[in-house]
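I sat down with a new structure today and kept notes as I went. Come along and look things up with me.

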Amino acid sequence: MTGPGSITWPPAPMKTERLLLREPEAGDHAAFIELFTSPEVGTYLGGPRPRDECERALPETPERRPGLFVIGLDGAMIGAIEFNPRDAERRSHVRPDAGETELGYLLLPEAWGHGCAAEACAAALGWFADALPGEPVALCTRTANDRSMRLAAKLGFAYRRSRRGPSGSSRRFRARSHQGNGGRTNSRSASDSSWRPITRP
């Protein structure tokens, strides 16, 4: 596995029909707080973080790191996408010895239901495919999360297997390998993984 840490960062901001994918900046601080403390966003992620804890932990200028994109709409941050490499120190629930890159995304509730997650993830996956041709990307979502299940299928992720977590809820693990050429992809068997969301403070 190579992963986003092996490429030149940051890339130029990416524009889609409605959105802008870019690095975090100081003005995104409040939106990150809202993401991490939102009960709706945290429903399938173990619940929201306490606001005072996030305000203490999150720097005024959010951390910039390879693979982390802010999703912007009309000049405002509405969410974030992260390509997160996993290695032997962050073992997969399915293949403990596997190195892999995982896709995570979070959007503010007001951005739900308008196709923004699909538009942003498709653009980010196209960038990843061009930057690291043939490198597999993995994603996992709880089966109860209907929106994420539909999005995974729409993005071309193929079902791999289910797993029952400590809470008793099953999870479906999906994986997809990518090729460049304008974001066109080939779905096929790739590394299994568990999903790790955008890193929270």
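These are my entries, from the whole chain down to single residues.

**Entry 1: the whole chain**

I began by noting that this is a predicted model. I looked up the secondary structure and found 4 helices and 9 strands in the protein chain. Reading from the N terminus, I wrote the order down as β-β-α-α-β-β-β-α-β-α-β-β-β.

Next I checked burial: the chain has 201 residues, and 49% of them count as buried. The exposed surface comes to about 9600 Å², with carbon and sulfur atoms supplying 48% of it. I also looked at contacts with a separation of 6 or more, and 68% of these are between residues 24 or more positions apart.

**Entry 2: the first strands**

How do strand 1 and strand 2 run relative to each other, parallel or antiparallel? I found that strand 1 (residues 14-15) and strand 2 (residues 19-22) are antiparallel and joined by 2 bridges. A hairpin of 3 residues links them.

Strand 2 also pairs with strand 3 (residues 68-73), again in the antiparallel sense, and here I noted 4 bridges. L21 is a handy residue to follow: M14 stands opposite L21, and in strand 3 the bridge partner of L21 is I71.

**Entry 3: helix 1 and a pair of rings**

I went through helix 1 residue by residue. Of its 9 residues, 7 are buried, so the helix is largely enclosed by the rest of the structure. The buried ones are H29, A31, F32, I33, L35, F36 and T37.

Then I turned to aromatic rings, and the count for the structure is 7 pairs. In one of them, the rings of F32 and F36 have centres 5.9 Å apart and planes at 35 degrees, so I put the pair down as tilted. F32 and F36 are 4 residues apart in helix 1, which means about one helical turn separates them. F32 has a relative accessibility of 4%, and F36 has 2%, so I marked both as buried.

**Entry 4: a stacked pair**

Which kind of pair do F83 and F128 make, stacked or tilted? Their ring centres are 4.8 Å apart and their planes are at 25 degrees, so this pair is stacked. F83 sits in strand 4 and F128 in helix 3 (residues 116-131), so the pair ties together parts that are 45 residues apart in sequence. F83 is buried at 0% relative accessible area, and F128 is buried at 0% as well. I also found that F83 and F128 belong to one aromatic cluster with W9, F69 and W127.

**Entry 5: E82 in strand 4**

I stayed in strand 4 (residues 76-86) to look at E82. Is E82 buried or exposed? Its relative accessible area is 4%, under the 20% cut-off, so E82 is buried. The side chain of E82 makes a polar contact of 3.0 Å with the side chain of R65.

I added a reminder for myself: in a regular strand, side chains alternate between the two faces of the sheet.

**Entry 6: a glycine in a loop**

Where is G42? I found G42 in the loop between helix 1 (29-37) and helix 2 (51-57). Being in a loop does not leave G42 uncovered here: its relative accessible area is 3%, so G42 is buried. Leaving out residues up to four places away in sequence, G42 touches G47 and P48. Last of all, I checked G42 against L106, 64 residues away along the chain, and their C-alpha atoms are separated by 9.3 Å.

Terms used:
Residues are numbered from 1 along each chain as its sequence is written. This is a predicted model: local features need pLDDT of at least 70, side-chain atom pairs count only at pLDDT 80 or more; totals for chains, interfaces and linings use all residues. Side-chain values use heavy atoms; hydrogens and water are left out. Buried means under 20% relative accessible area, exposed over 50%, partly exposed in between (1.4 Å probe, protein chains only). A polar contact is a pair of N or O atoms within 3.5 Å; within protein, one must be able to donate a hydrogen and the other to accept it, and residues adjacent in sequence count only if both atoms are side-chain atoms. Contact means heavy atoms within 4.5 Å. Accessible areas come from the Shrake-Rupley method with a 1.4 Å probe; for residues, only the protein chains shown count as cover. Two strands pair if DSSP finds at least two bridges between them. Rings of Phe, Tyr and Trp (its six-membered ring) pair if their centres lie within 6.5 Å; planes under 30 degrees apart count as stacked, over 60 as edge-to-face and the rest as tilted.
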